[in-house]
Amino acid sequence: MGQRRTLLKNLAKRRKRKVHAQLHAELERDMLESHPEEVERLAMADEEASQRCHAKWVTANAKADAAFAKKKRILEERKRLMEDIKQQMEQETLEKEVQEREERDAAERQLVARREIERKQWTENVHKMTSEQKKMLLCSFFIRTGVCRFGDHCSRIHAPPSAPGRFVLFPGMHTIGVRSHRDGDDHLELDEREMRDGYRAFYFDALVELLKFGHLVQLNTCCNTASHLRGNVYVEYQTAQQAADAREGLYGRWYAGRQLLPEVTPISSWSDAICGLFLRKRCVRGGDCNFLHPFVNPVEPDPPLLAYRSPERGTSKRKRSPSPDRRHRRSSERTPREDDRHRRKRSSRKDEREDERESRRRHGIRR
């Protein structure tokens with residue numbers, strides 16, 4: 001019932017709309033027939049309005065084109081100006097870099113010349129000094145390790161090597177896994193095995209480059225936590241000329257994000273530089289010790305891939321009968337582990353006690 005009523009209402013509305021449309025059409029037709037002037041006036045008014053609208057559109061379009069052209073011209077001028085400024089800045093930067101490089105080279109040459117003059121003067125003065133004067137004036141730590149905790153603020157004199165040395169120092173070359181006072185607890189993230197693996201990779205990587213300048217007698221890397229010894233790499237070459245070539249060839253190069261600044265040190269022997277108590281695991285100062293605490297160098301495979309030992313290393317003036325199983329093996333063909341074992345066998349208990357007393361005396365430790 002409800003649907004029928006809705007349908008009837010919709011039909012009635014449609015009839016009404018149809019009737020109204022017919023009436024509206026008849027009224028317009030009657031008006032056009034009775035008033036043609038009014039119709040023409042309305043048509044002209046519509047045409048004028050259309051023309052005015054078109055004129056406004058043309059004017060606005062012209063203004064927009066002019067504004068766009070002006071903006072484009074300004075952007076092109078700005079871009080050209082920026083390119084000119086950029087080229088000028090690049091030219092100034094290049095000239096500044098060239099000037100700085102020349103000044104740096106000149107300063108380095110002056111420094112080398114001054115150090116050479118100082119070295120000659122110190123060589124003459126050191127020869128004239130007595131042992132007591134040397135002990136009072138020269139820094140013993142710098143003479144033994146090539147570095148000092150106090151640096152340039154040391155109260156004693158850091159004399160350059162009196163003669164060309166065979167020991168080359170690479171400050172802070174290997175610091176991966178080496179603890180520092182600034183790290184806090186960050187070093188706990190690395191265990192001993194990861195540190196050994198990292199040092200093994202560094203060791204063989206460094207040997208490849210260092211062997212390009214001559215025979216290596218020994219290589220030691222510090223695991224001290226003190227800032228002046230942390231990560232220092234000490235290399236002993238067979239001759240002083242090889243050490244000088246290595247220093248000159250590697251100076252200024254980059255390794256693992258660090259610039260290498262090697263220098264020839266006044267070290268005369270490893271026994272003066274390495275902490276004897278550390279080798280016996282008795283050093284009470286730990287990483288703050290002012291003497292070298294070296295990493296344990298990895299053992300090379302047999303036969304060794306990198307025969308870096310000096311040909312004269314391991315030879316002895318005393319003739320001994322070799323053991324039957326090693327009759328045909330020369331001492332220079334031993335692995336580093338066999339060399340260490342051989343040296344330990346040759347050292348007596350008396351020498352060990354003397355080394356221990358000397359180390360305790362240097363550290364100021366009394367029994």
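This is a short talk on one sheet, two helices, two unusual loop residues and the cysteines of a predicted model.

Okay, ground rules before the tour. The model is predicted, so to speak of local features we need pLDDT of at least 70, side-chain atom pairs count only at pLDDT 80 or more, and totals for chains, interfaces and linings use all residues. Residues are numbered from 1 along each chain as its sequence is written, and side-chain values use heavy atoms, with hydrogens and water left out.

Let's start with the sheet. It's an open one with 4 strands, in the order β2-β3-β1-β6, and the pairing is antiparallel. Strands here are DSSP runs of E, at least two residues, and helices are runs of H or I, at least four residues, all numbered from the N terminus. Two strands pair if DSSP finds at least two bridges between them. At the edges you have β2, residues 216-221, and β6, residues 263-264, each pairing on one side only. Now look at β1, residues 167-170: its antiparallel pairing with β6 runs over 2 bridges. Leu169 has Glu263 of β6 as its bridge partner.

What packs on the sheet, touching β1, β3 and β6? That's helix α6, residues 240-250, and its direction makes about 135° with that of β3. Then there's α5, residues 192-210, which lies across β1, β2 and β3 (233-237) at about 145° to β2. Contact means heavy atoms within 4.5 Å; the axes are lines fitted to C-alpha atoms, for helices over the stretch in contact, with angles from 0 to 180 degrees between N-to-C directions.

On to the backbone. Most residues other than glycine have a negative phi. Ala256, though, has a phi near 55°. You'll find Ala256 in the loop between β4 (254-255) and β5 (258-259), and it's exposed at 52% relative accessible area. Exposed is over 50%, buried is under 20%, and partly exposed is in between, with a 1.4 Å probe and protein chains only. Lys281 also has a positive phi, about 60°. Lys281 sits in the loop between α8 (276-279) and α9 (336-346) and is exposed too, at 78%.

Last, the cysteines. How many disulfides does the structure hold? The count is 0, with a disulfide being a pair of cysteine sulfur atoms within 2.5 Å. For Cys222, the nearest cysteine sulfur is that of Cys223, 7.5 Å away; Cys222 is buried, at 1% relative accessibility. And why no bond for Cys283? Because its closest cysteine sulfur, in Cys275, is 3.9 Å off, which is too far. Cys283 counts as buried as well, at 18%.
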